[in-house]
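Reader: I would like to know how the words used for a model are earned. Please set each value against its definition.

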Amino acid sequence: MNEEETKLNYVTPAVQAAGWGSVEGSFIRMEFPITKGRLIGSGRRSKPDSADYVLQYKGRNLAVIEAKRDDLDYTEGVGQAKSYAERLHVRYTYSTNGKRIYAIDMDQGTEGDVETYPSPDELWAMTFPTENNWRDKLLSIPFEDKGGTWQPRYYQENAITKALEAIADNKTRILLTLATGTGKTAIAFQIAWKLFKSKWTTKKDGLRTPRILFLADRNILADQAFNAFSAFDDNALIRITPKGIKKHGKVPTNGSVFFTIFQSFMSGEDNEQQVGESFEGDYYFKQYPADFFDFIVIDECHRGGANDESNWRAIMDYFSPAVQLGLTATPRRDTNVDTYNYFGDPVYIYSLKEGVNDGFLTPFRVKQITSDLDTYKYQEGDVILEGEIDKDKLYTKDELDRGKIVIEDREKFRVSQLIEDIGVNEKTLVFCRTQKHASLIRNLINQKTPSRNANYCHRVTADDGDIGEQHLRDFQDNEKLIPTVLTTSQKLSTGVDAPEVRNIVLLRPVNSMIEFKQIIGRGTRLFDNKDYFTVYDFVDAHHHFQDPKWDGEPEPCEACGNTPCTCEVIVRPLCLVCNQKPCVCDKPEGDPCEVCGYIDCICEKVPAEQPTIKLPNGRTVNINPQVKTTFWNIDGQQITAEEFLNILFGDLPNFFKDEDQLRKLWSKPDTRNKLLKELEEVGYSIDQLRELQSLINAQDCDLFDVLSYVAFSRDLIERTDRANHATIHLDSYNQKQQAFLDFVLKQYIDEGVGELDDQKLPDLLNLKYHSIADAKQELGDIQTIRGTFIDFQKYLYETSVA
């Protein structure tokens, strides 16, 4: 029997005999989807992972069964069974060939033969030997599936389940660490939904629905969450704002789920600007009883909410009776250890690398761009427009990137390079040093873009207020093309849910690993026809990718050995002006910033006098750019273009033994596409091959020549030369066929080998003849046309092409 017959005749009946599917609350989920499959280019994905069986009971995944056909060893599926059990966070997993069953306890590390599958109640008792009524009640509440349109991804279900189990176990501080773009707000909603529907409160008496607070540090995040919780009744959702409080003369209390930002809660009638001072005034959050809220979600909790020095911490301390859930995208680092000290170990972690490899996040490539203008020394003829400079000093790239001096011609060059490389309609975020720098870059982009729309690029910074927020909302709207580019300094590094972002541009140093991950996360969300996004690195930020801390779980503290660290340390963030910790800016010692409340100010400030230089034309005509592209292999590891080329060289013999075989495969659309698909499946996507085509200056060549160049060191031949050679054979066809083939060759020269695909034939016929019917009148039936189209292609790849 094959695997499907084995499952039908042996496995499914055995599972059903144990009561699965008939015992109330138990379900057999077959072909249970786990991953989507990593994006590998051209809209394709690698093969997704799915478990043959997942056994569910009382709203919890309890076991995995991996089945193989009956003539294989019954332990053949052990590797997959363990892998899927680890992914789904289930304790028990089974491998079978239908005749024998091999059981594995993932927690105890024990395994061996069993005669039958356990019943739902038996497996529940095996998984949860200790009774917990609230755990069972919370897990049994169904997900709010939005009318059947939403189902949790496996990691989302893991996160929800782990958080609810922690709540049921009376844990009051809970942390979830999931990469940006993985749906943390959706996870928070489902947790709140189950708490609400089960009438869980801190008293656990089941007498009323809980009062839930969602705290963020920016209005756009609070607004996004408010919209994400729309399944609740309208009168249950309350948006808390200072304006609303002033209007009604008190804080709102007649709701179930409340949304606000820290800054609003720290406001008050008489002291709205007293950030940084004591909390003895009439702050709005103190108008609530300390035990008013049962459950509090702190979004982006690494951004200061748990810091002992932070004013925001007072809110969390005041509402200490509530269970508090922190959401963050950043694993523990030196700069956010206070968050981990406050919440403790995450109950669940899902990393960026996992998200990309599973296919739930978009992969990315990196382009590192440098030029001759990356150092500066004053020369006669240079015009100092503002400020003063040391004319004898050689200013380094780092000093230029940090804005020690500003060379407008350098910024113009960088923008020109960017505009030349990105698609005019590709949504792009540009991170600049300061708000002033963001204005300069916005102006230059609008001056140089081929788009004629006056709103093509806008600046969105703290100073842009409501109009900036509107530009951001328009940018996030996938139905709107304009604005296409936003420039910013600090504001958009978190909280921008814009799936269509295809380019992240770094024009300022990013010293914090946490901020770097947040910025990269702006491009990871999936979107139609988005196989990857590109990071344009003008400031050498790519070194973060080489840092072992780039991704992964928290590491033990070197001093105390604990995870998280329990050392008594005060961690201050880097100052965004001087990039030093502690800040060395010129300001009174020990005087806290009036805006952010930190002694070591983390606000963005523009130096009073920023020297600005204009270079004479002679120094800007022949600027030489250097572009280095970084690839990502099938394992999600960063490799250089040279490494990519060397690996490709070593792998190509696995696909064709010599040039004649490559030529034969490439001469027909079906075998050519089969080869490209096989290359994609092992990590060589067509987009990467095209990028390599650009790197070896073969943009005007066929991809055949790229492969031939790498595998056999053959000379590169341009498509024009191949087309000219093929025209020699046009005499083999009638006059009407010659006209069509000549048209195809012109398309091939302009667009590349993709024009020779079978699927392109209808488009070519419509383009040439305006309709398929007219094409058939000229050329005959479709089978004849297709035969001509395919047969002629062999002449493009003859050995005699010079």
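The exchange below goes from confidence to sheets, cores and helices.

Author: This is a predicted model, where local features need pLDDT of at least 70, side-chain atom pairs count only at pLDDT 80 or more, and totals for chains, interfaces and linings use all residues. Residues are numbered from 1 along each chain as its sequence is written, and side-chain values use heavy atoms, with hydrogens and water left out.

Reader: What does the chain average in pLDDT, and what share of residues score at least 70?

Author: The average is 80, and 81% of the residues score at least 70. pLDDT is the predictor's confidence in each residue, from 0 to 100. Among the elements, strand β6 (residues 92–96) has the highest mean, 96, and strand β27 (residues 626–632) the lowest, 58.

Reader: Where is the pLDDT below 50?

Author: Residues 270–281 are one such stretch, with 22 contacts in the model beyond near neighbours in sequence. Contact means heavy atoms within 4.5 Å. Residues 552–558 also stay under 50, with 17 contacts beyond four places in sequence. Where pLDDT is low, the predicted coordinates should not be read in detail.

Reader: How many helices and strands are there in the chain?

Author: The chain has 28 helices and 28 strands. Both are DSSP runs numbered from the N terminus: helices are H or I with at least four residues, strands E with at least two.

Reader: What makes β11 and β15 edge strands?

Author: Each pairs on one side only. Two strands pair if DSSP finds at least two bridges between them. The open sheet has 7 strands, ordered β11-β12-β10-β13-β14-β9-β15, with parallel pairing. Strand β9 (residues 173–178) and β15 have 3 bridges and run in the parallel sense. That count satisfies the pairing rule of at least two. In this pair, L176 stands opposite Y348 of β15.

Reader: Which way does the pairing run in the sheet of 6 strands?

Author: The pairing is mixed, in an open sheet with the order β1-β4-β5-β6-β7-β8. Its edge strands are β1 (26–33) and β8 (110–114), each paired on one side only. From one strand to the next, the twist averages 25°. Angles run from 0 to 180 degrees between N-to-C directions, with axes fitted to C-alpha atoms, for helices over the stretch in contact. Strand β7 (residues 101–105) pairs with β8 in the antiparallel sense over 5 bridges. There, Y102 stands opposite D113. Helix α1 (residues 3–17) packs on this sheet, and its direction makes about 10° with that of β4.

Reader: How do you know which way the residues of β24 point?

Author: N503 and V505 point one way, I504 and L506 the other, and all are buried. Buried means under 20% relative accessible area, exposed over 50%, and partly exposed in between, with a 1.4 Å probe and protein chains only. In a regular strand the side chains alternate between the two faces of the sheet. Strand β21 (residues 428–431) runs parallel to β24, joined by 4 bridges.

Reader: What makes a nonpolar core, and which residues touch the most other members of the largest?

Author: A nonpolar core is a set of buried Ala, Val, Leu, Ile, Met, Phe, Trp, Tyr and Cys residues joined through side-chain atoms within 4.5 Å. The largest has 116 residues, and I167, L176, I191, F229, F232, F295 and L506 touch the most other members. Helix α5 (residues 154–168) gives the most to this core, 9 residues. A second, separate core has 48 residues, including L703 and Y748.

Reader: Why are α20 and α21 called roughly perpendicular?

Author: Helices α20 (residues 659–666) and α21 (residues 669–681) pack at about 115°, with axes 6 Å apart. Angles of 65 to 115 degrees count as roughly perpendicular, under 35 as roughly parallel, over 145 as roughly antiparallel, and the rest as oblique. So the two helices α20 and α21 are roughly perpendicular to each other.

Reader: Why does L662 count as buried?

Author: L662 lies in helix α20. Its relative accessibility is 0%, so L662 counts as buried. Leaving out residues up to four places away in sequence, L662 touches F656, L675, F704, L707, S708 and F712.

Reader: What makes helix α22 mostly covered?

Author: Of the 10 residues in α22 (residues 686–695), 7 are buried. Among them are I686, L689 and L692. Just after α22, N697 takes a positive phi of about 55°.
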